[in-house]
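Welcome! Here are some exercises to work through at your own pace, each followed by a worked solution. Have a look at the structure first, then try each task before reading on.

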Amino acid sequence: MEYYQAFYRWTWDREQFLATRAVAGRLTGAKYAERFNLKASHLPARPYLH
């Protein structure tokens, strides 16, 4: 936790960090979870490739 606080300049404490992960966890049926953003790194498959 200290590493992330220093590297990302987080002002969260441990309880705040776990609380946000618990909210995401409830959405997935897990105790804790982390959200990720997916960015497409390639073009969609062309219709002729089906």
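## Exercise 1: Tyrosine 8 and its patch

Tyrosine 8 sits in helix α1, which covers residues 2-8. Keep in mind that this is a predicted model.

Task: decide whether tyrosine 8 is buried, partly exposed or exposed, and find the patch that tyrosine 8 belongs to.

Solution. Start with the relative accessible area of tyrosine 8, which is 45%. Partly exposed covers the range between under 20% and over 50%, so tyrosine 8 counts as partly exposed. Next, look at the surface: Tyr8 forms a nonpolar patch there with Tyr3, Tyr4 and Phe7. Together these residues have about 480 Å² of accessible area.

## Exercise 2: The overall layout

Task: work out how many helices and strands the protein chain has, and what share of its residues is buried.

Solution. The protein chain has 2 helices and 0 strands. Of its 50 residues, 12% are buried. As for the surface, the accessible area of the protein chain is about 5,200 Å², and carbon and sulfur atoms account for 56% of it.

## Exercise 3: The loop between the helices

Task: describe the place, the phi and the exposure of arginine 9.

Solution. First, the place: arginine 9 lies in the loop between α1 and α2. Second, the backbone: most residues other than glycine have a negative phi. Arginine 9 is not a glycine, yet its phi is positive, at about 60°. Third, the exposure: with a relative accessible area of 73%, arginine 9 is exposed.

## Exercise 4: Checking helix α2

Task: test the span of α2 against its number of residues, then examine what lies at each end.

Solution. Helix α2 runs over residues 14-28. The expected span is 1.5 Å times one less than the number of residues, so the 15 residues of α2 should span 21 Å. The end C-alpha atoms of α2 are 21 Å apart, in agreement with that value. At the N-terminal end, aspartate 13 acts as a cap, with a side-chain oxygen 3.2 Å from the backbone nitrogen of glutamate 15. Just after α2 comes glycine 29, with a positive phi of about 80°. Within α2, the buried residues include Phe17, Arg21, Ala22, Ala24 and Gly25.

## Exercise 5: Following arginine 21

Task: find the side-chain partners of arginine 21 and say what the salt bridge ties together.

Solution. Begin with the setting: arginine 21 is in helix α2 and is buried, with a relative accessible area of 16%. The side chain of arginine 21 makes a polar contact of 3.3 Å with that of threonine 20. The side chain of arginine 21 also meets that of glutamate 34 in a salt bridge (4.0 Å, N to O). Glutamate 34 lies in the segment after α2 and arginine 21 in helix α2, so the pair ties together parts that are 13 residues apart in sequence. Glutamate 34 is partly exposed, at 48% relative accessibility. Leaving aside neighbours within four places in sequence, arginine 21 has contacts that include Trp10, Trp12 and Tyr32.

## Exercise 6: Tyrosine 32 meets the helix

Task: locate tyrosine 32 and list which residues it touches.

Solution. Tyrosine 32 is placed in the segment after α2, and at 40% relative accessibility it counts as partly exposed. Not counting residues up to four places away in sequence, tyrosine 32 touches Leu18, Arg21, Ala22 and Gly25. Tyrosine 32 and leucine 18 are 14 residues apart in sequence, and their C-alpha atoms are 7.5 Å apart in space.

How values were computed:
Residues are numbered from 1 along each chain as its sequence is written. This is a predicted model: local features need pLDDT of at least 70, side-chain atom pairs count only at pLDDT 80 or more; totals for chains, interfaces and linings use all residues. Side-chain values use heavy atoms; hydrogens and water are left out. Patches are made of residues with over 30% relative accessible area and no salt bridge: like charges are joined within 9 Å, nonpolar side chains (Val, Leu, Ile, Met, Phe, Trp, Tyr) within 5 Å. Accessible areas come from the Shrake-Rupley method with a 1.4 Å probe; for residues, only the protein chains shown count as cover. Helices (H or I, at least four residues) and strands (E, at least two) are DSSP runs, numbered from the N terminus. Buried means under 20% relative accessible area, exposed over 50%, partly exposed in between (1.4 Å probe, protein chains only). A polar contact is a pair of N or O atoms within 3.5 Å; within protein, one must be able to donate a hydrogen and the other to accept it, and residues adjacent in sequence count only if both atoms are side-chain atoms. Contact means heavy atoms within 4.5 Å.
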